[in-house]
Amino acid sequence: MKIVTVCGMGFGTSLMVKMSIDDILKELGKQADTQAMDMGSVKGLDADLFVTSKEMESTFPEVDAPVIYLDNMTNKAEIKEKVIPFLNR
């Protein structure tokens with residue numbers, strides 16, 4: 001499984017979300033390849049899940065995978081609430 005976290009520049013908040021998802025995966029005993037990147041690198045990228053900010057919803061490129069939009073990318077409880085159902089399917 002490949003999970004890509006996305007923000008404008010690819011290191012600030014997307015890296016924080018990636019680290020939170022890594023922690024969640026560890027808690028659940030699951031494995032995935034997680035990457036943080038900028039929005040410009042997403043188009044045409046193959047992944048199982050994209051996670052980004054709600055603010056980017058209108059400009060996020062079309063992708064062939066589910067996209068989770070977070071209201072607050074630093075809120076670990078929201079990340080868990082939205083990502084765990086995907087991981088447990």
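**A four-stranded parallel sheet and its helices**

The strands of this predicted model form an open sheet of 4 strands in the order β2-β1-β3-β4, with parallel pairing, where two strands count as paired if DSSP finds at least two bridges between them. The edge strands, each pairing on one side only, are β2 (33-38) and β4 (67-70), and the twist averages 20° from one strand to the next. Residues are numbered from 1 along each chain as its sequence is written. Because the model is predicted, local features need pLDDT of at least 70, and side-chain atom pairs count only at pLDDT 80 or more, while totals for chains, interfaces and linings use all residues.

Along the chain from the N terminus, the elements run β-α-β-β-β-α, which comes to 2 helices and 4 strands; helices (H or I, at least four residues) and strands (E, at least two) are DSSP runs, numbered from the N terminus. Strand β3 (residues 49-53) pairs with β4 in the parallel sense over 4 bridges, and T52 has Y69 in β4 as its bridge partner.

Helix α2 (residues 76-87) lies across β1 (2-7), β3 and β4, and runs at about 170° to β4; axes are lines fitted to C-alpha atoms, for helices over the stretch in contact (heavy atoms within 4.5 Å), and angles run from 0 to 180 degrees between N-to-C directions.

For the protein as a whole, the C-alpha trace spans about 30 × 25 × 20 Å along its principal axes. Among contacts between residues at least 6 apart in sequence, 53% join residues at least 24 apart.

Definitions and conventions. Side-chain values use heavy atoms; hydrogens and water are left out.
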